[in-house]
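Visitor: I should like to understand how the terms applied to this structure are justified. Please set each value against its criterion.

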Amino acid sequence: MTVYLGAKRRGLGFPRPTLRLRLTVLNGILLVGAGAVLVLLAWLLVSESLHPVDELRAGSAVTLNDGSTRDALAWQSDMVAQASREVLFKGFSALVAIGIIGIAGAYAVAGRALRPLHSVTHTAQRLGEETLDQRIKYSGADDEVAELARTFDAMLDRLAAAFDSQKRFVANASHELRTPLAVMRTEIDVTLSDDEADVAEYRRMAKVVRNASERANGLVDALLVLARSEAQSGRRLVRKVPADLATSVYNAFSAVKAEAERMKLDVTTDLEPAPVVGDPSLLDRLAGNLIENAIRYNHLLGRLWLRTESANGQTRLIVGNTGYEVEQADVPGLFEPFQRGGWERTGSRGSGLGLSIVRAVCDAHGGTVSAVAQAGGGLEVTVTLPAADTTPVVTASVSVPRSAR
């Protein structure tokens with residue numbers, strides 16, 4: 001018998017019995033209780049039915065096989081008492097035997113039925129970062145226990161995928177941060193080791209260090225925004241106020257308009273009112289990332305189109321651009337961290353977190369994002385968010401009770 005010694009029942013110091021023991025005790029109580037009811041019913045039936053002389057006159061006598069004569073009523077009372085004793089004795093004897101066999105059988109059946117649960121427990125105890133490939137692989141009957149085992153295996157699959165994604169994220173983040181730090185250290189070491197370095201050389205070194213530090217700072221900022229957005233996923237935004245995607249797009253494009261003009265892009269805008277409820281700073285970053293990517297991955301004399309609209313309880317933002325060719329099969333990977341144009345860590349063109357932040361912000365606002373590769377190159381990204389009239393505004397309030405004096 002297995003007993004969990006670690007848990008106490010309501011502080012009384014009694015160990016908590018296993019589920020197998022509790023099921024066995026419950027089955028035993030039900031079995032013995034039902035048997036006791038049957039024995040009592042049999043005893044009552046015998047007591048009520050054995051009255052053969054009730055129809056005889058008072059004072060009647062009966063002649064037994066041994067030739068003796070007895071009063072009919074006295075003979076009937078003795079016969080009923082003897083039959084009742086035999087029913088009770090044999091009934092309770094059978095009840096004890098059936099109870100023992102039934103309890104033992106229930107214990108064995110419960111153990112067999114709960115065996116997969118022990119496999120779940122043992123697998124969970126063995127789990128670690130290096131053993132996430134282990135599974136229960138239950139092959140018994142298709143019942144509730146099988147469903148639990150399949151659910152547990154599916155959870156392990158998701159955990160393994162999450163751990164692998166986390167490892168890749170940490171490795172990529174470390175690589176991205178190591179690169180500018182290595183550049184800064186190399187430039188400083190080379191310049192300091194040159195005894196003939198002049199002011200111009202130090203100025204050149206300072207510019208390189210500044211650029212590398214800006215890249216590292218941008219990466220850290222992007223990581224913080226990504227973490228903040230993912231922490232608010234599932235419509236758990238800390239801040240929900242009225243906002244307009246059209247305003248976010250206008251402000252974001254104004255910040256990079258000079259770069260678009262330098263690349264001589266043909267820009268088309270159709271910014272209809274697009275009211276939403278959410279965190280304005282995250283929505284501004286969403287629009288900014290999409291527009292910055294559309295310009296960064298465009299080509300000279302390319303096209304850029306921006307459109308916002310609101311209809312049927314949904315608000316949409318469409319950002320499209322010409323540029324490098326992207327396979328449609330590679331599009332989902334673009335929304336993973338540190339993916340740039342389908343390749344990981346390709347040079348210094350951004351941090352590789354832009355579309356990851358867009359996806360996280362959409363999830364935090366209960367929306368979706370999709371992208372379609374354009375024929376001839378480029379990408380069109382569509383963000384869909386619930387419209388303002390379908391989303392409640394959350395206002396924060398703080399009340400400070402006066403301290404008692």
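The following exchange concerns charged residues in a predicted model.

Visitor: Why is E196 called exposed?

Guide: The relative accessible area of E196 is 71%. Exposed means over 50%, so E196 is exposed. E196 is found in the loop between α4 (144-193) and α5 (199-231), and it helps to form a negative surface patch with D194, D195 and D198.

Visitor: What makes the contact of E187 and R204 a salt bridge?

Guide: Their side chains meet at 2.8 Å, N to O. The criterion is a nitrogen of Lys or Arg within 4 Å of a carboxyl oxygen of Asp or Glu, so the pair of E187 and R204 qualifies as a salt bridge. E187 lies in helix α4 and R204 in helix α5, so the bridge ties together parts that are 17 residues apart in sequence. E187 and R204 also belong to a network of salt bridges with E201.

Visitor: Why is E187 buried or exposed?

Guide: E187 has a relative accessible area of 18%. Buried means under 20%, so E187 is buried. R204, at 34% relative accessibility, counts as partly exposed, because that class lies between 20% and 50%.

Visitor: How do you know that R185 forms a salt bridge with D189?

Guide: The closest N and O atoms are 3.7 Å apart, and the limit is 4 Å; therefore R185 and D189 form a salt bridge. Both residues lie in helix α4, four residues apart, about one turn of the helix. R185 counts as exposed at 62% relative accessibility, whereas D189 counts as partly exposed at 43%.

How values were computed: Residues are numbered from 1 along each chain as its sequence is written. This is a predicted model: local features need pLDDT of at least 70, side-chain atom pairs count only at pLDDT 80 or more; totals for chains, interfaces and linings use all residues. Side-chain values use heavy atoms; hydrogens and water are left out. Patches are made of residues with over 30% relative accessible area and no salt bridge: like charges are joined within 9 Å, nonpolar side chains (Val, Leu, Ile, Met, Phe, Trp, Tyr) within 5 Å. Accessible areas come from the Shrake-Rupley method with a 1.4 Å probe; for residues, only the protein chains shown count as cover. Lys and Arg count as positive and Asp and Glu as negative; His and the chain ends are not counted. The place of a charge is taken as NZ of Lys, CZ of Arg, CG of Asp or CD of Glu. Helices (H or I, at least four residues) and strands (E, at least two) are DSSP runs, numbered from the N terminus. Buried means under 20% relative accessible area, exposed over 50%, partly exposed in between (1.4 Å probe, protein chains only).
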